[in-house]
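Reader: I'm new to reading protein structures, and I'd love some help with one part of this one. Could you take me through it slowly?

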Amino acid sequence: MTIKRLGIVGSGIMGSGIAEVAAKAGVEVTLRSRAQDSADRMVAALEKSLAKQVDKRKLDATERDQVLGRVRAVTDLGELAESDLVLESIVEDLATKKHLFNELDRVCGDSTILATNTSTLPVVEMAMATGRPEQVCGVHFFNPAPAMPLVEVVRAVTTAETTVITARAFAEGCGKTVVEVRDQAGFIVNALLFPYLNNAVKLLDAGVATRDDIDAAMKGGCNFPMGPLELLDLVGLDTSLAILDALYEEFRDPNYAPAPLLRRLVSAERLGRKSRHGFYDYSK
Ligand SMILES: NC(=O)c1ccc[n+]([C@@H]2O[C@H](COP(=O)([O-])OP(=O)(O)OC[C@H]3O[C@@H](n4cnc5c(N)ncnc54)[C@H](O)[C@@H]3O)[C@@H](O)[C@H]2O)c1
């Protein structure tokens, strides 16, 4: 099956980026958000991103209009019924995602593939919340989706080969490099990345070095484009905490046990760039 109609659920950091990627690849996108104002904000963010690309001459005005013409923002989940693929990108919480998969299973046509953009959670549990576990897989984009070349396609024990093939073709059609991975917490990238990010918070908390010096050290010493604390702010500290909790739950490895400071910052609603304050202050 070729994916011509994509449904996206969730209007956070990842949802609108994935919409942009897919619409640019010629896919008709229906973006579902719970509230009309956040649906409208997503379209506005997409317009802004495309306008920047027109200014930089990476896109012409006709292409911009064509891309925008392929994206529709809705609030009713039922509007996703005709989708070939629905990719959810809502909050990183298993109970919430399972509930959504159950609802999607009821509203979507029999042939619709249901996928999750989860960073760490067990895909099989979402699959088993539906009556079509063989048609459920992970399609994990990276942040920011328009810029990051990788997609991890995640195969749960229940996923059919045809589902993997279709998901892979969809991501490749979006211009992404695809790696296939088994349904294990953190898949490849986050299983390797998060102990490092977590240990950076522990270093900061122990007073070993300042925030700026930790970030400068990893940029200058390892040639990383961002320091670990900047990167955590980009990902979102709440999402990062959820990722670490899921990794620790699965492996019980102390490297995955979230740094207490991370949990405290989330309690203080310092969530990173999305709340304009995390390790850094973005309010000015
Ligand atoms: N932030 C990243 O760097 C990143 C990268 C790759 C994958 N992901 C994954 O993408 C997903 C979304 O992450 P994000 O960073 O966009 O999060 P976010 O916090 O920016 O957005 C989460 C969205 O979920 C919505 N939401 C919350 N509860 C809901 C519910 N009960 N029903 C429907 N929607 C609900 C919120 O309104 C919000 O729009 C997560 O599974 C995350 O692990 C995140």
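Here is the spot I keep coming back to: when helix 10 passes helix 11, is the crossing left-handed or right-handed?

Author: Happy to help! One thing to keep in mind as we look: this is a predicted model. The crossing you ask about, where helix 10 passes helix 11, is left-handed.

Let's build up the picture around that answer. Two packed helices are described by how far apart their axes are and by the angle between those axes. Here, helix 10 covers residues 237-251 and helix 11 covers residues 260-267. Their axes are 9 Å apart, and the two helices pack at an angle of about 135°. That angle makes helix 10 oblique to helix 11.

Now follow the chain from one helix to the other. In the loop between helix 10 and helix 11 you will find Arg 252. Arg 252 is worth a pause: it has a positive phi of about 55°, although it is not a glycine. Carry on into the segment after helix 11 and you reach Arg 276. Arg 276 is also not a glycine, and its phi is positive too, at about 70°.

A second pair of helices makes a good comparison. Helix 7 (residues 189-205) and helix 9 (residues 228-235) have axes that come within 9 Å and cross at roughly 115°. Helix 7 and helix 9 are therefore roughly perpendicular to each other. Helix 7 passes helix 9 in a left-handed crossing.

From these helices we can step over to the ligand. Val 235 and Lys 274 are among the closest of the 20 residues that surround the ligand, along with Glu 92, Lys 97 and Ser 119. By type, the shell around the ligand divides into six nonpolar, ten polar and four charged residues. Elements that each supply at least two residues of this shell include helix 1 (13-24), helix 4 (94-107) and strand 6 (136-141).

Let's zoom in on some individual atoms. An N or O atom in the side chain of Ser 119 is 2.6 Å from an oxygen atom of the ligand. For Lys 97, a polar side-chain atom lies 2.8 Å from a ligand oxygen atom. Asn 143 has a polar side-chain atom 3.0 Å from an oxygen atom of the ligand. Taken alone, the ligand exposes 830 Å², and the protein buries 82% of that.

Stay with Asn 143 for one last detail. The peptide bond from Asn 143 to Pro 144 is cis, with omega near 0°. Pro 144 has its place in the loop between strand 6 and strand 7 (150-155). Try finding that bond in the structure, then go back to your left-handed crossing of helix 10 and helix 11.

Methods: Residues are numbered from 1 along each chain as its sequence is written. This is a predicted model: local features need pLDDT of at least 70, side-chain atom pairs count only at pLDDT 80 or more; totals for chains, interfaces and linings use all residues. Side-chain values use heavy atoms; hydrogens and water are left out. A residue is near a molecule or strand if one of its heavy atoms lies within 4 Å of it. A polar contact is a pair of N or O atoms within 3.5 Å; within protein, one must be able to donate a hydrogen and the other to accept it, and residues adjacent in sequence count only if both atoms are side-chain atoms. Accessible areas come from the Shrake-Rupley method with a 1.4 Å probe; for residues, only the protein chains shown count as cover. Helices (H or I, at least four residues) and strands (E, at least two) are DSSP runs, numbered from the N terminus. Ala, Val, Leu, Ile, Met, Phe, Trp, Tyr, Cys and Pro count as nonpolar, Asp, Glu, Lys and Arg as charged, and the others, Gly among them, as polar. Axes are lines fitted to C-alpha atoms, for helices over the stretch in contact, and angles run from 0 to 180 degrees between N-to-C directions. Angles under 35 degrees count as roughly parallel, over 145 as roughly antiparallel, 65 to 115 as roughly perpendicular and the rest as oblique. A crossing is left-handed if the near helix is turned anticlockwise from the far one by less than a right angle, and right-handed if clockwise.
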